[in-house]
Protein chains: 2
Amino acid sequence: MNVARVHDQSYVTLATNENYALGALTLGSSLRNSNTNRSLTVLITSQVPSPLVDQLRTVFDLVELVDVLDSNDSANLALLKRPELGVTFTKLHCWRLVQFSKCVFLDSDCLVVKNSDDLFDNDEFTAVTDIGWPDCFNSGVFVFRPSLQTYSSLLTYAVQQGSFDGGDQGLLNSFFPNWKRASFVYNMTTNASYSYAPAYKQFKDSVRIVHFIGAQKPWYHSYNLDSGSVMGNVTVHESELINQWWKVFVDNVLPGLNEETVS
Amino acid sequence: MNVARVHDQSYVTLATNENYALGALTLGSSLRNSNTNRSLTVLITSQVPSPLVDQLRTVFDLVELVDVLDSNDSANLALLKRPELGVTFTKLHCWRLVQFSKCVFLDSDCLVVKNSDDLFDNDEFTAVTDIGWPDCFNSGVFVFRPSLQTYSSLLTYAVQQGSFDGGDQGLLNSFFPNWKRASFVYNMTTNASYSYAPAYKQFKDSVRIVHFIGAQKPWYHSYNLDSGSVMGNVTVHESELINQWWKVFVDNVLPGLNEETVS
Ligand SMILES: O=c1ccn([C@@H]2O[C@H](COP(=O)(O)OP(=O)(O)O)[C@@H](O)[C@H]2O)c(=O)[nH]1
Ligand SMILES: O=c1ccn([C@@H]2O[C@H](COP(=O)(O)OP(=O)(O)O)[C@@H](O)[C@H]2O)c(=O)[nH]1
Ligand SMILES: [Mn+2]
Ligand SMILES: [Mn+2]
């Protein structure tokens, strides 16, 4: 396939530590496998170990160092029982990538299973329904337009209004009330595979991006290299999806890691 | 409040047996309590016990007897070979209510907690996101335009294509792919109260229609009349909602039931 590169548009992800960097490497590899013609950018913080930063440079066109932003909103985060999500405010840095005219942000716990470049046909702010409260979008995948002014407005808004869920999702939903809706196939959160099984069966072949939301990230599962299968207590549909993630990880990421890097 | 009645528009529900008739009575009472200015219609089958039919007449303007399976035309005859679509078929009867220019269908396991008449500002086909697979709508609440032609097309489609989930929801989603989306507050399925708790906290006061999807219908719970509270193993948010249902049932429906009617 002959793909004309589009240099002023980029997929963007974020990794503030080693584990999420493994996610970003797997996501980046899945994007390469999907034959995207857009640039790949990863935002990292100084906690990411430097051998992993080197490996990120082999997959991503741009590796950008940023500071951690924290919502300091422990009351709301406590509601979600996910105190570690405060760090996701760091996501807001993506609006500073003004060398690009348009970007698609992807959480680093996403896996691109089919080319998703037509997401770039949409404008800011386009996202996918959150299945927890479906008038909201899930902030794991979104189309945005980098702008220092938007970045500054977002920070002001965050400080003045906070976030109703203590994370970037609550903030972005309040800030972009007139968001446009893309199909669920661009951000299929894995719990959907069992919450409405006949629909999953009907539509799974059209899924383009799988998003492993929740505390049980694929990289925390044990994986049997010989059988090519995840071990432990997960549903059949979930294990199929986690195996897909591990296949990309084993084929594309693992060979680049050395023993000192990851235990 | 002085409400001008709109006689050519109606809320429509369905009850094929005693339990769902208790649901319909509670739903109908909640609609009256919401000061709706639309008519109330209930479709029933012959399985609904006659004292309950009498009581339904005190709440609903129109009580319409329909058959579970009807063999008056060829499409219906073909449907006889698909017994699993029987319940689906029964809901489709609502399109035959051509005395109305527009209707809102509500499952009888819904409870209207705030006036929802502005649903009638929408046209066919308007519905609310299903949180199982959010490119689909949930078929518990929808705006439609009665039409014998649509009714017949739906039957033909049901016979020829079936339903990807075996129920009316799969059928209607395939038949109305260009449906319009109403806010989740018009069909808040009860599981949403715990799947994204901060959003529920943020938006619960704007909820207008609660929908008790799933096998655990409110009428199957045990309720303590003295404490005004449901008993058993449910989450706090769910029990709040089930208590709301029971309050309407106890205040508006129970006094009309006599011992012979319901055990
Ligand atoms: O400690 C963290 C937590 C989050 N993230 C980034 O923020 C995103 C959102 O967090 P997460 O995916 O864990 O949230 P969920 O999708 O489970 O709600 C991640 O995908 C990462 O890109 C990160 O880099 N370090
Ligand atoms: O035995 C039945 C099953 C269903 N219904 C009607 O069909 C609707 C849809 O079924 P249900 O609400 O049980 O499905 P859910 O919303 O749980 O998916 C009900 O609300 C009733 O109006 C009925 O009358 N009798
Ligand atoms: Mn995520
Ligand atoms: Mn229902």
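In this predicted model, A:Asp109 is buried, with a relative accessible area of 3%; buried means under 20% relative accessible area, computed with a 1.4 Å probe on protein chains only. A:His211 also counts as buried, at 2% relative accessibility. Both residues help to coordinate the manganese ion (ligand 3), together with A:Asp107, at 2.2 to 2.3 Å. Donors here are N, O and S atoms within 2.8 Å of the metal (3.2 Å for Na, K and Ca), and water is not among the atoms, so sites may look incomplete. In sequence, the donor residues follow the spacing D-x1-D-x101-H. The pair A:Asp109 and A:His211 links distant parts of the chain, 102 residues apart: A:Asp109 lies in the loop between strands E4 (102-106) and E5 (110-112), and A:His211 in strand E10 (residues 209-211). Strands are DSSP runs of at least two residues, numbered from the N terminus.

Now to the meeting of the two chains. The contact (heavy atoms within 4.5 Å) takes 28 residues from chain A and 27 residues from chain B. About 2400 Å² is buried between them, with carbon and sulfur atoms giving 71%; this area is the accessible area (1.4 Å probe) that two parts lose on being put together, summed over both. In chain A, the residues losing the most area to chain B are A:Trp133, A:Phe164 and A:Tyr196, together 32% of what that side buries.

Residues are numbered from 1 along each chain as written, with chains lettered from A and ligands numbered from 1 in written order. Local features need pLDDT of at least 70 and side-chain atom pairs 80 or more, while totals for chains, interfaces and linings use all residues; side-chain values use heavy atoms, without hydrogens and water.

Terms used. Helices (H or I, at least four residues) and strands (E, at least two) are DSSP runs, numbered from the N terminus. Buried means under 20% relative accessible area, exposed over 50%, partly exposed in between (1.4 Å probe, protein chains only).
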